[in-house]
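Biologist: Got a minute to look at something with me? I'd like to talk through the fold before I go back to the bench.

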Amino acid sequence: MSGPLKSPGQRWLQAHLGLVYLFLYGPILVLIVLSFNRAGLPTAWTGFSTEWYGKLAANEKILNAVQNSLIVAFVSTAISTVVGTLLAMGMEERRPHPALEALVAAPMIIPDIVLAIALLSFFSLLKMTLGLHSIILAHAVFNIAFVCTVVRTRFKHFDRSIVEASIDLGANPFTTFRRVTLPVIAPGVIAAALLAFTLSIDEFIIAYFTAGAGSSSTTFPMQIYAMIRFGVTPEINAVATIVMGVSFVLVFLSQRLNREAEV
Amino acid sequence: MSALLEIAGVAKSFGTIRAVDGIDLAVAPNAFFALLGPSGCGKTTLLRLIAGFEHPDRGAIRLGGLDITAVKPNKRPINLMFQSYALFPHMTVFANVSYGLEMEGLRGAELKARVEQALGLVQLSDQAGRKPHQLSGGQKQRVALARALVKRPKLLLLDEPLGALDKKLREKMQIELKRLQQETGIAFLVVTHDQEEALTMADRIALLDQGRIAQLGKPRDLYERPENRFVADFVGQMNFFEGRRRGSGFDVAGLGLLPAQDLDALPEGAGASLAVRPERVILSESAQPGALAAEVVGSAYMGQDMIVHLTLSGSGLPLVARLPAAHRLAAGVENGRQVHCSWAAEHARLLVK
């Protein structure tokens, strides 16, 4: 009826949508473009170049920080995936009081700055040394909450009788977990781990507070923050572009896995 | 022959609810036994107690003479076919069926042969490579059956096995289950709320009411000789008249003395319910000695049969009659028509509360 012709209302809506996307992604686009800018100035385009990416690869400080961030992200993801999944399973089985359920999710909502100060105070109280290990623990705190929440959504579609069926067929509880429960919830667990990794790798505030002195526990976002104090260079634009690309892929994978799990 | 499964004084409560309230029963080897009852009667709890997923508060469960009350469900030679089928969604049909045998340590050619035999038994050999979500409801049900049967249990428990199937398929599967039971020689214990299913398939039925056995017997016993009002009401349709014995008849207010079976067992003046099956009510156009006058107030054509709703003259009590569609009167049944009803004494059963 309306055919290929669009009514003025529809055109207006499309223009509106375009503006929203421009608002969201315009600055990022500028950043990506400038990371390929030949000159060191952030204001004018002087030609295409990948030299900043090359400089980046030779920057010891950045490489060290990337390594630190990867260690923090991998270890805290491993801890939070195991603990968060077990927590989700336990909550499915025992159905705790709603207040307890809310407490599990709380670290996701508490402002990072509050969590950062709380963790720092707690670590000092315990007279714990600060370093990568304290960042790892701090990241595990909020990541457990995210993992538990994501895995629990997977359990919403989980038929408990398949666990009983496995036991009925002669399997012990461990075999049942390994061969039935885990494979069925696996997409949720993997999605949760990807999300945890993404959250950890670019987390700044909590890492900043719980890190030790010196470059041995400087993470990637902390390094960028240190560099940016001397002005935004195309080198930082290059770093940001890479980080964004990796985060984007991880989030995309995580969402896709979760959607597939719904089917 | 000694019993395969013995349940002795088993009780199980959840909070203040007595789900199973002291049940004794025995299942013979090679039996097709049905636990029948309305929802909430405790039949599913009893099934889960036998499977080992619940532990009784008191009483004992014995299998082949051995007390298995404390044995874990994965160590019992009993398998359960779940109401939801509970197929493993990430495994193929073949892997679903082989799972239980792998748990027994079976590997290689023997495993494969046993699985293929089980799939053949339920006519699913050509579906072995499929995943559960690619199967129809009826196929899923047969995979669940094969998965339980392949373990060659001493006893197979089936929880509402036909509940999720449509009517045509259900009727086909009733015959199929009966065949499988006879072919495998495994004792089947079916839980169902569908009395027709129980009457068709089982050779013994325990009808449960509020955690207790209301009656245990052959299907014919339950239908033709119900022992109490609950059984008479639950199995099939029934007309009830409340009254008391007076001399050589059963006195119902407004109807006078009615014929009844085993009247001598009831003391003079004692109260009871008189139960008459609709198909035992005889309708005629002309007045007969002892027949009750009634008016037709409704009718339902059922194909083979016709259900006629009547109101008895004088008392206003309702009566339901069932007559074959081929009956002389069936064609002329219409509301407001006057008829006469009677029944033979041996078809009117007295039930004492």
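Biologist: What distance separates the centres of domain 1 and domain 2 of chain B?

Modeller: This is a predicted model, to say that up front. In it, the centres of the two domains of chain B are 40 Å apart, going by C-alpha atoms. Domain 1 covers 5–231 and domain 2 covers 238–351.

Biologist: And chain B overall, what are the dimensions of the box its C-alpha atoms fill?

Modeller: Roughly 80 × 45 × 40 Å along the principal axes. Chain B has 353 residues, and 39% of them are buried. DSSP-wise, you get 8 helices and 20 strands in chain B.

Biologist: What share of the contacts in chain B joins residues at least 24 apart?

Modeller: 64%, counted among contacts between residues at least 6 apart in sequence.

Biologist: OK, sheets. What's the strand order in the one with 6 strands?

Modeller: In chain B that sheet runs S6-S7-S8-S3-S9-S10; it is open and its pairing is mixed. Strands S6 (78–81) and S10 (212–217) of chain B have just a single partner strand each, so each has one side without a neighbour in the sheet. On average, neighbouring strands there are turned by 20 degrees against each other, ignoring direction.

Biologist: Do S3 and S8 of chain B pair parallel or antiparallel?

Modeller: Parallel, over 5 bridges, with S3 of chain B spanning residues 32–36 and S8 of chain B spanning residues 187–192. If you want a pair to click on, B:Ala34 has B:Val190 in S8(B) as its bridge partner.

Biologist: Which strands of that sheet does H1(B) touch?

Modeller: H1(B) packs on the sheet and touches S3, S6, S7 (155–159), S8 and S9 (204–209) of chain B. The direction of H1(B) makes about 150 degrees with that of S7(B).

Biologist: What else does helix H1 of chain B lie across?

Modeller: Helix H1, residues 43–51 of chain B, also lies across S1 (5–14), S2 and S4 of chain B, at about 60 degrees to S2(B). Those three strands belong to an open sheet of 4 strands, ordered S2-S1-S4-S5 in chain B, with antiparallel pairing.

Biologist: Which strands stand at the edges of that one?

Modeller: S2 (17–27) and S5 (66–67) of chain B. Each pairs with a single strand, so one side of each has no neighbour in the sheet. S5(B) is joined to S4 of chain B, residues 58–63, by 2 bridges, and B:Leu63 has B:Leu66 as its bridge partner in S5(B).

Biologist: Switching to packing. Which residues have the most contacts inside the largest nonpolar core?

Modeller: A:Ala192, B:Ala146 and B:Leu157, in a core of 149 residues. Both domains of chain B put at least three residues into this core.

Biologist: What does B:Leu157 touch?

Modeller: Leaving out residues up to four places away in sequence, B:Leu157 touches B:Leu47, B:Ile50, B:Ala51, B:Ile78, B:Asn79, B:Leu80, B:Met81 and B:Leu189.

Biologist: Last topic, the two chains. How many residues of each are in contact?

Modeller: 14 residues of chain A contact 17 residues of chain B. On the chain A side, helices H7 (161–168) and H8 (173–201) supply at least two residues each.

Biologist: Which element gives the most on that side, and what's the chemistry?

Modeller: H7(A) gives the most, with 6 residues. The chain A side splits into 8 nonpolar, 3 polar and 3 charged residues.

Key: Residues numbered from 1 in each chain as written. Chains lettered and ligands numbered in written order. Predicted model: local features only at pLDDT ≥ 70, side-chain atom pairs only at ≥ 80, totals over all residues. Domains from an automatic or database assignment. Pairing = 2+ DSSP bridges. Contact = placed C-beta atoms within 7 Å. Axes fitted to C-alpha atoms, helices over the stretch in contact; angles between N-to-C directions. Nonpolar A, V, L, I, M, F, W, Y, C, P; charged D, E, K, R; others polar. Buried ≥ 20, exposed ≤ 12 C-beta atoms within 10 Å, placed from the backbone. Core = buried A, V, L, I, M, F, W, Y, C linked by C-beta atoms within 7 Å.
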